[in-house]
Amino acid sequence: MKVLLIEDNANISDMMAQYLTLKGYDCTIAYNGREGLNQILGKNYDIILLDLAMPEFSGYYVIDALEKKGKLKEQKIIVLTAFSLTEKDVKDLIHRGIRACLKKPVQLSELLKAIQSYV
């Protein structure tokens with residue numbers, strides 16, 4: 001199963017990628033939103049883990065760009081964020097096509113459950 005992790009924090013992304021690889025996933029890392037968007041548009045992934053808060057090209061920009069191209073609902077995206085999202089924010093993201101919103105720091109077991117339930 002192919003996972004794309006879009007996360008600008010190298011420590012977090014490397015740790016998550018190592019964990020997912022140990023669990024049998026083929027994990028690719030994009031360290032910024034623009035690179036992540038290009039990966040999504042160029043390849044097929046079973047699940048995308050997307051950090052919302054990245055400098056320059058945030059996860060929101062990735063979501064907006066995919067929506068404009070009519071490709072957002074085709075993707076299985078789990079949002080990761082350290083920000084407090086309101087219930088309305090989460091509902092809006094889910095309505096747009098995001099599968100789940102996980103709060104950082106994410107427990108790896110919780111992340112794995114979310115991936116397994118949406119693939």
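**Note on the predicted model: strand 3, helix 3 and the overall fold**

1. Strand 3 sends Ile-47, Leu-49 and Asp-51 to one side and Ile-48 and Leu-50 to the other, and every one of these residues is buried. The model is a predicted one. The strand is accordingly described as mostly covered, with 5 of its 5 residues buried. Asp-51 is listed with Ile-47 and Leu-49 on one side of the strand, and a reviewer may wish to look at its surroundings in the structure above.

2. Strand 3 has pairing partners in strand 1 and strand 4. With strand 1 (residues 2–6) the pairing is parallel and extends over 4 bridges; within it, Val-3 has Ile-47 as its bridge partner. Strand 4 also runs parallel to strand 3, and 4 bridges join the two. Here Leu-50 is placed opposite Val-79 of strand 4.

3. Which residues of helix 3 are buried? In this helix, spanning residues 59–68, they are Gly-59, Val-62, Ile-63, Ala-65 and Leu-66. Viewed down the helix axis, these buried residues fall within an arc of 165°, so they line one face of helix 3. The general background is that an α-helix has 3.6 residues a turn, so residues three or four places apart point the same way.

4. Against what does the buried face of helix 3 pack? The buried residues are in contact with helix 2 (33–42), strand 3 (47–51), strand 4 (77–81) and helix 4 (87–96). Strand 3, one of these elements, is itself mostly covered.

5. The two ends of helix 3 also deserve comment. At the N-terminal end, Ser-58 acts as a cap, with a side-chain oxygen 3.2 Å from the backbone nitrogen of Tyr-60. Just after the helix, Gly-70 adopts a positive phi of about 70°.

6. For the chain as a whole, the secondary structure amounts to 5 helices and 5 strands, arranged along the sequence as β-α-β-α-β-α-β-α-β-α. The radius of gyration is 13 Å, close to the 14 Å that the globule rule gives for 119 residues, so the chain is as compact as a globular protein of that length. The C-alpha trace spans about 35 × 30 × 25 Å along its principal axes.

7. Burial and contacts complete the picture. Of the 119 residues, 45% count as buried. Among contacts between residues at least 6 apart in sequence, 62% join residues at least 24 apart. The accessible surface comes to about 6500 Å², and carbon and sulfur atoms contribute 50% of it.

Definitions and conventions. Residues numbered from 1 in each chain as written. Predicted model: local features only at pLDDT ≥ 70, side-chain atom pairs only at ≥ 80, totals over all residues. Heavy atoms only, no water. Buried < 20%, exposed > 50% of the residue type's maximum accessible area, 1.4 Å probe, protein only. Arc of directions from axis to C-beta. Contact = heavy atoms within 4.5 Å. Polar contact = N/O pair within 3.5 Å; in protein donor to acceptor, adjacent residues only side chain to side chain. Rg over C-alpha atoms; globule rule 2.2 N^0.38 Å. Areas by Shrake-Rupley, 256 points an atom, 1.4 Å probe, with all protein chains shown as cover. Pairing = 2+ DSSP bridges.
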